[in-house]
Amino acid sequence: MKYTKHLTILLLVVLTSCSNFLEEYSQDTDYVNSWRDLNETLIGDCYMPVEISDMITQTSDKNYFIHFMGDELQECVQGPDAYTLAYDEKEKVFGYFTWQQRSGQNDTYTGFNPENESWQELYRLINVANNILFSAKDLPKKSEDDQIGTLKVEGEAHFLRAFYYFWLVNLYGEPYSAATATTALGVPLKLSEKVEDKIFRRNTIQEVYDQILDDLNQAETDLSQTGEPYSIYRAGLTSTQFLLSRVYLYMQNWEKAAEYADKVIKAHPALTPLNILKGSFLSKTSIETIFSMGGNSLPCIISYKYKGFKVSKDLYDSYSNNDIRKSKFWWTYEDFVGYTKVAPLANSAVEPNSSTYYTEVYNGGWRNNAAEVSDKFLFRSAEAYLIKAEAEAYLGKDQQARAALNTLRQNRYTQGTNYEVTSSGQELVTEIRNERRKELALEGARWFDIRRYSVCDVYPESKPITHDYYYYESRSNTVKTEVHTFTLEANDKAYTLPIPNEVLTFNTGMKNNERPNRTYTVKKIN
């Protein structure tokens, strides 16, 4: 264990300056004697940990903002209960929730919150993967155990590096389009373990995706020889093929997307029949769960109280009454919609039809507890069926697309009701996109889906999104004074995040993403 301890310290010196987000750590790997030493570092330092759920400013979740940009959440205007999402937490998401030129903009327009937390954390994890891959080259392979262990460590490191770059390029780069990918800017690629004292530039979208595919293809080769992992918190062959299917879908390579979705379905076909489900839908023991890492702060940011957020009524209303997901995924009281895809945690004596139920059982109950699965970094077999359906529909293979879609829907609707989709062409594509929205709600997919639909070669689609942001008399006061209404227009430049200002400050000359100044309307209250 002393070898792992020394390596971990060397790899994980916390970066206190935003300017060195791409700097490597010490390359002293004298303490690495076997693949087991690297395996310890991989587990503890390269995977995102399953984090404690809590309010936004108190959690280590650096990717919390993904849900605030799309059409799944809206501000909660219930009252007059005090506390819940404190003013500081509400302010922190303002720039993302209202699509500002700078994502760190505060809600008084007097300053900025940090913008580079996600960027810096993802590059830190990439740096760990780079060091692991470098160190693995010279590991002894005297036995079959050494050979298999090294392949496993290398395969997982390649998988994680690909996943992190995929996330980064879909936040800070335009959605993938073959027409623009070779010129549009993505994110900087840093693959070396060496310290490089230089100003970094952004690679093109195509270059980043090429690297993602290189890593995933190598991971597939390595992990095909090591067997499936014992835990959903470790990557294996099926999770690698799952990510390949998702990457190819985003790249509009429909044949490859369908091919890899088929591999996932063959290896992991199980779907949960909701009509007999007992307990929570999302869990580490679910027959649908393939892989997960990272935290889940959703129960703590959604609350039936003022200054919190609630699930969009438009999303809730998209479920038909014979769709069991409408009651399994959501809890409602008056016009409030809460997220219940994970299990309740607090006092079970609170009646589900009570107005205090959601806040006490989910919002309050989940604080200081770790969710078993992530609200962003989660692979489920249901998504493989949806990828298969979408890719086949774009290829004009409507029968295959309907079969995949209806297999999923059969497990989501009340027995004896009509769940089958019979449409074709553009109508079928629309149904598949709607199904993705309903099935994968608040699992980190929606913002990326809206973006990629806008550049899809087959039936492109973009939509405006409107968000209301409420102001109060004071931080501790429940009296609302006005509401500001913001609209993200169809095909708006703000569908791509700006490069964090801290990164631009250090990397002189790095090109930012163009985003318009966000105007709004004001309505006084009372």
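Let me begin with one pair of helices: H5 and H6 are roughly antiparallel to each other, and since this is a predicted model, please take everything that follows as computed from predicted coordinates. Helix H5 covers residues 117–136, and it packs against H6 at an angle of about 155°, with the two axes 9 Å apart. The crossing of this pair is left-handed.

Which residues of H5 and H6 meet? On the H5 side they include Trp119, Leu122, Ile126 and Leu133, while on the H6 side Val153, Ala157, Tyr164 and Leu168 are among them. By class, the contact of H5 with H6 comprises 17 nonpolar, 4 polar and 2 charged residues.

Now to another pair, H16 and H17. Helix H16 runs over residues 425–439 and helix H17 over residues 446–453, and their axes come within 10 Å and cross at roughly 160°, which makes H16 roughly antiparallel to H17. This crossing, too, is left-handed. From H16, the residues Arg433, Arg436 and Arg437 take part, and they meet Arg446, Asp449, Arg452 and Tyr453 of H17. How do the residues of this contact divide into nonpolar, polar and charged? There are 6 charged residues and 1 nonpolar residue in the contact of H16 with H17, and no polar ones.

The third pair is H8 with helix H14, the latter spanning residues 381–394; here the packing angle is about 35° and the axes lie 10 Å apart. H8 passes H14 in a left-handed crossing. The residues in contact are Phe242, Ser245, Arg246 and Leu249 from H8, together with Glu383, Ala384, Ile387, Glu390 and Ala391 from H14. Sorted by class, these are 5 nonpolar, 1 polar and 3 charged residues.

Let me turn from packing to empty space, starting with the enclosed kind. A search of the whole structure finds 3 cavities of 30 Å³ or more, and the largest cavity holds about 90 Å³ of space. It is lined by 13 residues, of which Arg246, Lys376, Glu443, Gly444 and Ala445 are the closest to its centre. We have already met Arg246, as one of the H8 residues in contact with H14. Which helices each supply at least two residues of this lining? They are H6, residues 144–172, and H8, residues 237–250, and the largest share, 3 residues, comes from H6. The lining of the largest cavity divides into 8 nonpolar, 1 polar and 4 charged residues.

Finally, the pockets. The largest pocket contains about 500 Å³ of space, and among its 20 lining residues Glu174, Pro175, Lys493, Thr496 and Glu514 are the closest to its centre. Its lining has 5 nonpolar, 8 polar and 7 charged residues.

The second largest pocket has a volume of about 270 Å³, and of the 16 residues that line it, Gly279, Ser327, Lys328, Thr340 and Tyr362 are the closest to its centre. Helix H12, at 325–328, strand E5, at 330–333, and helix H13, at 357–363, each supply at least two residues of that lining. What are the numbers of nonpolar, polar and charged residues in the lining of the second largest pocket? It has 10 nonpolar, 4 polar and 2 charged residues.

Note on methods: Residues are numbered from 1 along each chain as its sequence is written. This is a predicted model: local features need pLDDT of at least 70, side-chain atom pairs count only at pLDDT 80 or more; totals for chains, interfaces and linings use all residues. Side-chain values use heavy atoms; hydrogens and water are left out. Axes are lines fitted to C-alpha atoms, for helices over the stretch in contact, and angles run from 0 to 180 degrees between N-to-C directions. Helices (H or I, at least four residues) and strands (E, at least two) are DSSP runs, numbered from the N terminus. Angles under 35 degrees count as roughly parallel, over 145 as roughly antiparallel, 65 to 115 as roughly perpendicular and the rest as oblique. A crossing is left-handed if the near helix is turned anticlockwise from the far one by less than a right angle, and right-handed if clockwise. Contact means heavy atoms within 4.5 Å. Ala, Val, Leu, Ile, Met, Phe, Trp, Tyr, Cys and Pro count as nonpolar, Asp, Glu, Lys and Arg as charged, and the others, Gly among them, as polar. On a 1 Å grid over the protein atoms alone, a cavity is a set of points where a 1.4 Å probe fits but cannot get out, and a pocket is an open set with protein on both sides within 12 Å along at least five of seven lines; lining residues have an atom within 4 Å of a point. Grid points are joined across faces, edges and corners, and a volume is the space filled by probe spheres set on the points.
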